[in-house]
Structure formats: C-alpha cells, structure tokens
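Work through the exercises below on pockets and cores. Try each task before reading its solution.

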Amino acid sequence: MGWVETTGGYAVALDGTRVLCRNAAGRTLKQVPSKLRDDPEVVRLRQLAEWLERHERECREQVDTWLVRSLPVPVALLARVWPDAAWQSTLRDLVVAPVGADGSADTDRAGFLRDADPARGLGIVDLDGDSVWLEPAGVETVLIPHPVLLEELAELREFAAELGVEQGAEQLFREVWRRPEATRGAVAGGTAQEWRAYADGKFAELRHASARAVSLGYRVRGGQAVCPLVEDGRQLEAAYWLGDDYPESETLTGSLEWRDRAGRRLPLAEVGPVAWSEGERMAALVYADRVIESDEEKAL
C-alpha cells in the first residue's frame with residue numbers, strides 16, 4: 001500500500017505485515033521512531049498488520065484441516081476465496097484431485113493448483129506438466145490429498161522441485177509415517193491397541209510436555225495430547241499420553257492410541273493411513289522435545 005503522511009513530516013506504509021517509516025527527506029528508517037508509537041496512523045497500520053497475520057494463520061489452519069481430515073472442498077469455494085492474497089498464497093501449488101460421484105479422489109487427474117475462477121473452474125498443472133482446467137460442470141469438489149495417500153510421492157516431490165513449487169501449506173513435503181507391517185497381522189495378533197515407539201520420553205516437568213503439544217497446535221485433555229482426524233468419513237482421534245500429575249512434576253510419555261467417536265480404542269490393524277501418519281507425527285514432534293540424557297547420566 002502507499003505511504004500515509006503522519007506527524008513531523010514522517011510517512012508510514014505497510015509492507016506485507018511490517019510497518020515501514022520514512023522521514024521528511026524520503027529515507028526509509030530501520031524502525032518506526034518511538035515518538036510515533038501512539039500516532040493514529042501508526043496504530044491503525046499495526047492493527048491492520050496484526051489482523052493480516054491472524055488471517056494468514058487462519059487460512060493455513062483451515063487448509064491443514066481439509067488435508068488432515070480428507071475433506072472434499074467445493075470448487076466454487078476455492079474460486080471465491082482465490083482473489084484474497086492470503087488464501088491464494090496458501091492454496092497455490094497444492095496438489096488437488098477431482099472427487100468423483102462415489103466420493104473417491106481421482107489422483108490420475110491430480111495437479112498443482114495455479115488458478116481458480118468461478119466460470120472456468122480450477123487451473124492446474126497436471127502430472128504430465130500440461131496446464132489444464134478442471135471445469136466446474138464436470139468437477140464440483142476436489143480433495144487436497146494427504147501426502148501419505150499419494151502414490152510415487154518421491155517422484156512428485158522431484159517434479160515439484162523442477163516446477164519451482166513452494167507450497168504455502170505443508171502438503172508434499174510434510175513428513176509421513178506409514179504403519180509398520182508388524183501391526184497388520186500375526187506379529188501384533190491383530191488386537192494390539194497401543195503404539196509405544198514414543199513411550200518413556202522424559203520431561204523435567206509435565207507442563208513442558210503440555211506446552212510443547214499446545215505450541216504444535218494440539219489440544220491437551222485428560223493427560224493426553226489429542227489430534228482430531230477423519231478417515232474415510234469416520235471421525236477419529238489420536239491420543240498420546242503425557243501424564244496427569246502436577247504440572248511441575250517430572251513425567252514420562254506413554255503410548256499412542258487411536259479412538260473412534262464413541263471413545264472405543266481401535267486395534268492398530270484398523271487404523272487407516274492418514275490417521276496413522278498424523279497420530280505418529282504428533283507423538284514424534286512432542287517426543288523430540290524430551291530430555292536426552294548422556295550415557296553417564298543414565299548410569300547414575
């Protein structure tokens with residue numbers, strides 16, 4: 001936006017979410033002078049910058065929800081929000097796939113989102129490198145697939161690098177975890193309900209583990225970090241044990257489990273690929289902040 005004149009010959013402007021200031025000589029200053037802190041124009045721009053930052057964050061969170069919960073997104077909605085710079089920067093270059101009448105995503109027709117128009121539909125670069133339009137008459141909704149659902153993910157990442165793709169939301173380069181074969185059959189007996197790969201992570205204080213989970217965007221409830229999920233239209237949640245003692249007490253993390261809407265714990269063999277990946281992602285990110293003891297300390 002343009003420069004706005006303020007007191008003392010100064011002028012201020014907004015560059016993205018940063019307030020700039022220049023003096024009467026036209027030189028841009030490193031920061032806004034303290035004497036202008038309460039100036040009405042400076043206050044107005046700072047409030048606008050805070051709103052823009054919050055709006056950008058909310059856009060990313062909404063797109064992340066669509067991805068994690070495998071929710072079909074109407075083409076008309078994407079076309080409507082596309083002119084908004086915050087939405088466009090979040091959505092641009094995400095891989096989208098048309099959703100058929102049976103509710104399944106046609107990943108063979110997937111592509112990188114480059115444009116959205118109410119009349120023309122979605123403009124994509126398909127996986128052959130061609131620019132095409134998914135017309136609204138033929139495609140009413142699309143899926144923003146979780147990367148664990150994308151076949152040949154490594155090749156897609158290479159193709160994205162060739163195209164110079166920089167995704168505003170974490171999709172293609174989101175780390176994925178796949179359910180180990182041991183949980184599928186005889187080794188686990190098909191009945192195991194806990195995954196203990198991230199158990200026994202030590203935190204000096206329980207509140208450190210809880211704060212870590214909250215900072216990553218997860219809720220903490222009943223001593224567990226919780227991640228709500230949807231898999232094949234079924235509402236689930238992953239839950240990772242942090243502890244339920246006093247906030248200042250030392251704690252060891254426990255098992256990771258998945259539950260359905262009624263609270264029933266699922267056998268690991270029943271957990272779908274998206275729910276597994278996102279649940280293990282939550283546990284791994286929290287566990288990474290644990291206290292790591294040296295060999296000498298362990299021996300004491």
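A nonpolar core is a set of buried Ala, Val, Leu, Ile, Met, Phe, Trp, Tyr and Cys residues joined through side-chain atoms within 4.5 Å; buried means under 20% relative accessible area with a 1.4 Å probe, protein chains only. The model is predicted: local features need pLDDT of at least 70, side-chain atom pairs pLDDT 80 or more, while totals for chains, interfaces and linings use all residues. Residues are numbered from 1 along each chain as its sequence is written, and side-chain values use heavy atoms, without hydrogens and water.

**Exercise 1.** Find the largest nonpolar core and its best-connected residues.

Step 1. The largest nonpolar core has 52 residues.
Step 2. L91, Y240 and W258 have the most contacts inside it.
Step 3. Helix α6 (a DSSP run of H or I, at least four residues, numbered from the N terminus) gives the largest share, seven residues.
Step 4. A separate second core has twelve residues, including V19, C21, L29 and L36.

**Exercise 2.** Describe the largest pocket.

Step 1. A pocket is an open set of 1 Å grid points, over the protein atoms alone, where a 1.4 Å probe fits, with protein on both sides within 12 Å along at least five of seven lines; lining residues have an atom within 4 Å of a point.
Step 2. The volume, the space filled by probe spheres set on the points, is about 640 Å³.
Step 3. Its lining has 23 residues, with E61, D64, R174, L216 and G217 closest to the centre.
Step 4. α1 supplies the largest share of this lining, eight residues.

**Exercise 3.** Which residues lie nearest the centre of the second largest pocket?

Step 1. This pocket has a volume of about 330 Å³.
Step 2. Of its 17 lining residues, S70, G103, L143, L149 and D232 lie nearest the centre.

Key. Helix = DSSP H or I, 4+ residues; strand = E, 2+ residues; numbered from the N terminus. Buried < 20%, exposed > 50% of the residue type's maximum accessible area, 1.4 Å probe, protein only.
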